[in-house]
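Subject: Structure handover

Hello,

Here is the structure I said I would pass on. My notes on it follow below.

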Amino acid sequence: MANIFEKIVNGELDADIVFQDDRVTAFRDIAPKARVHVLIVPNQVIETVDDIADEDEALIGHMVLVARDIARQEGIAEDGYRLMINCREHGGQEVYHLHLHLMGGQHMGPMVCR
Ligand code: AMP
């Protein structure tokens with residue numbers, strides 16, 4: 001069964017998509033933790049960072065460049081932003097389809113909440 005992000009990529013589930021090409025899809029987080037909170041996901045299913053294969057290197061680089069471009073489009077690049085990937089249980093990963101969080105538009109505070 002397709003996971004929720006796979007359904008967004010395939011157009012089966014509505015999302016506020018800000019960018020899509022043949023490799024990645026970027027959409028606004030449904031429960032934003034910052035004024036700008038966009039998720040960049042590969043169109044193919046890679047469950048976690050630990051499941052990234054060596055041959056995915058260009059795809060992962062593309063995800064970061066797409067995040068850079070979206071940050072510029074959103075007008076948050078100059079002030080800065082946070083890019084984050086959670087991995088599995090200890091990383092706090094909820095959706096098992098690799099996703100890069102782009103968060104900004106405000107000061108993001110300390111890296112880890114205590
Ligand atoms: P993570 O905890 O790193 O797995 O992050 C999962 C993120 O996905 C959370 O920030 C959720 O708010 C977000 N999310 C869950 N369902 C949806 C959805 N249908 N559309 C957009 N974002 C979602």
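To start with a pair of histidines: the side chains of H37 and H101 make a polar contact, at 2.8 Å. Please keep in mind that this is a predicted model.

H37

H37 is part of strand β3. It counts as buried because its relative accessibility is 4%, and buried means under 20%. Apart from the contact with the side chain of H101, a polar atom of the H37 side chain lies 3.0 Å from the backbone nitrogen of K33. Leaving out residues up to four places away in sequence, H37 touches F27, R28, D29, A31, P32, H101, L102 and M103.

The largest pocket

Both histidines turn up again here. Among the 30 residues that line the largest pocket, those nearest its centre are D29, A31, K33, H37 and H101. The space in this pocket is about 650 Å³. At least two lining residues come from each of α1 (4-10), β2 (24-28), β3 (36-42), β4 (81-84) and β5 (100-104). The largest share is that of α1, with 3 residues. Sorted by class, the lining has 17 nonpolar, 7 charged and 6 polar residues.

The nonpolar cores

The largest nonpolar core has 16 residues, and the members that touch the most others are V24, V38, I40, M63, I70 and L102. Two or more residues of this core come from each of β2, β3, α2 (57-73) and β5. The element that gives the most is α2, with 6 residues.

M63 is one of the members named above. Setting aside neighbours within four places in sequence, M63 is in contact with V24, I40, V41, P42, L98 and L100. There is also a second, separate core of 7 residues, including V9, L39, V41 and V95. V41 is thus listed both as a contact of M63 and as a member of the second core.

Three further residues

N86 sits in the loop between β4 and α3. Is N86 buried or exposed? With a relative accessible area of 18%, N86 is buried, because the cut-off for buried is under 20%. Beyond residues up to four places away in sequence, N86 touches G91, G92, Q93 and H101. H101 therefore appears among the contacts of N86 as well as those of H37, where H37 counts as buried at 4%.

R88 belongs to helix α3, which covers residues 88-91. R88 is not a glycine, yet it has a positive phi of about 55°. Its relative accessibility is 36%, so R88 counts as partly exposed.

I52 is placed in the loop between β3 and α2. It has a relative accessible area of 27% and is therefore partly exposed. Not counting residues up to four places away in sequence, I52 touches I46, I60 and L98. L98 is also one of the contacts of M63. Along the chain, I52 and A26 are 26 residues apart, and their C-alpha atoms are separated by 18 Å.

If you want a place to begin looking, I suggest H37, which makes the polar contact with H101 and lies, with H101, among the residues nearest the centre of the largest pocket.

Regards

How values were computed: Residues are numbered from 1 along each chain as its sequence is written. This is a predicted model: local features need pLDDT of at least 70, side-chain atom pairs count only at pLDDT 80 or more; totals for chains, interfaces and linings use all residues. Side-chain values use heavy atoms; hydrogens and water are left out. On a 1 Å grid over the protein atoms alone, a cavity is a set of points where a 1.4 Å probe fits but cannot get out, and a pocket is an open set with protein on both sides within 12 Å along at least five of seven lines; lining residues have an atom within 4 Å of a point. Grid points are joined across faces, edges and corners, and a volume is the space filled by probe spheres set on the points. Helices (H or I, at least four residues) and strands (E, at least two) are DSSP runs, numbered from the N terminus. Ala, Val, Leu, Ile, Met, Phe, Trp, Tyr, Cys and Pro count as nonpolar, Asp, Glu, Lys and Arg as charged, and the others, Gly among them, as polar. A nonpolar core is a set of buried Ala, Val, Leu, Ile, Met, Phe, Trp, Tyr and Cys residues joined through side-chain atoms within 4.5 Å. Buried means under 20% relative accessible area, exposed over 50%, partly exposed in between (1.4 Å probe, protein chains only). Contact means heavy atoms within 4.5 Å. A polar contact is a pair of N or O atoms within 3.5 Å; within protein, one must be able to donate a hydrogen and the other to accept it, and residues adjacent in sequence count only if both atoms are side-chain atoms.
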